[in-house]
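Reader: I'm new to this one. Could you walk me through how to read it?

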Amino acid sequence: DNEIKKIKAEYVRSFLFENKLMPSTWIVIRIDGCHFHRFSEVHEFEKPNDRQALNLMNSCAVAVLEEFKDIVFSYGVSDEYSFVLSKDSKFYQRQASQIVSVIVSFFSSAYVMKWKDFFPFKELKYPPSFDGRAVCYPSTEILQDYLAWRQVDCHINNQYNTCFWMLVKSGKSKSEAQSYLKGTQTREKNELLIRQFNIDYNTLPIMFLRGSSIFRIKGEDSVMPENGTFEEVKQEIILSHSNIIEDSFWKEHPSILC
Ligand code: ATP
Ligand code: ATP
Ligand code: MG
Ligand code: MG
Ligand code: MG
Ligand code: MG
Ligand code: MG
């Protein structure tokens, strides 16, 4: 009888497939809000950039870094966040589905718990959800290119959205604004903002222009305690809106991806 149970368990387990991420590669988990176009309308986010919604995203990401020590860096914009796990992380034996699901569910529940701290006068109308995916980057250069790509995307979307919403707020319909901007280049969009709305794109709040990076820096104040073992080096979690496209950021913070 017990033997039969054992055989059955083994047989059923045999269908479980392994989904281990390649060893010694940077793991990036990118999460993205599901249907946040609608979510942001239902919750009347300021357009194009609701500062409090971004602050809420950032606060959830800080909580994720506090919870999951293997995350060394993260970058967020709009309704997305990318979390970078260290190359040698053994978190969940590097199984993609477990890592993705635990980060996504932690982030989502933090978002709900913190909602009232950022929107004390707005009711959360329905449970938000996020999707997540895992990608491995085999070298630090490629990882940096990935992060630069997300920041370039932030810039392109923000510039488009700033123009779009200025046109809409000045009386154009959404489809008029859309066709007005169709095919325009960066320079033309900047000129439009200056000419029609007296907005210098580069003076917009830095968080809107560049998105947000969160990372740890090792504190200088590590001490040798009585028992002779090193105490865990105190790590501070930093939120910044740096340019991560340029190499200089990584040169100034060599310990992040070491
Ligand atoms: P999907 O489920 O495919 O991700 P989505 O509607 O979430 O669909 P995204 O491409 O992820 O589409 O875009 C997110 C949308 O959420 C933006 O286009 C924007 O309308 C809205 N949004 C997210 N964050 C903010 C914010 N801080 N302020 C204003 N709007 C925001
Ligand atoms: P892991 O993170 O590895 O899943 P775990 O602590 O969640 O660790 P599980 O094997 O998933 O371990 O077991 C869930 C545990 O949660 C149970 O052992 C039990 O202690 C507790 N638990 C879950 N649901 C209930 C419940 N309805 N009533 C009482 N205890 C519960
Ligand atoms: Mg999506
Ligand atoms: Mg989305
Ligand atoms: Mg998105
Ligand atoms: Mg479990
Ligand atoms: Mg459990």
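Author: Sure, let's begin with a contact: an oxygen atom of ligand 1 lies 2.7 Å from a polar backbone atom of His 35. This is a predicted model, where local features need pLDDT of at least 70, side-chain atom pairs count only at pLDDT 80 or more, and totals for chains, interfaces and linings use all residues. Residues are numbered from 1 along each chain as its sequence is written, chains are lettered from A and ligands numbered from 1 in the order in which they are written, and side-chain values use heavy atoms, with hydrogens and water left out.

Reader: Which polar backbone atom is 2.9 Å from a nitrogen atom of ligand 1?

Author: A polar contact here is a pair of N or O atoms within 3.5 Å. That nitrogen atom of ligand 1 pairs with a backbone atom of Asp 50, and an oxygen atom of ligand 1 is 2.8 Å from a polar backbone atom of His 37.

Reader: Which helix gives the most to the shell around ligand 1?

Author: Helices are DSSP runs of H or I with at least four residues, and strands are runs of E with at least two, numbered from the N terminus. Here H2 gives the most, with 3 residues.

Reader: And how many salt bridges does the structure hold?

Author: Side chains of opposite charge can pair when their charged atoms come close. The cut-off is a side-chain nitrogen of Lys or Arg within 4 Å of a carboxyl oxygen of Asp or Glu. The structure holds 4, including Glu 41 with Lys 174, whose closest N and O atoms are 4.0 Å apart. Glu 41 lies in helix H2 and Lys 174 in helix H6 (residues 174-181), so this pair ties together parts 133 residues apart in sequence.

How values were computed
A polar contact is a pair of N or O atoms within 3.5 Å; within protein, one must be able to donate a hydrogen and the other to accept it, and residues adjacent in sequence count only if both atoms are side-chain atoms.
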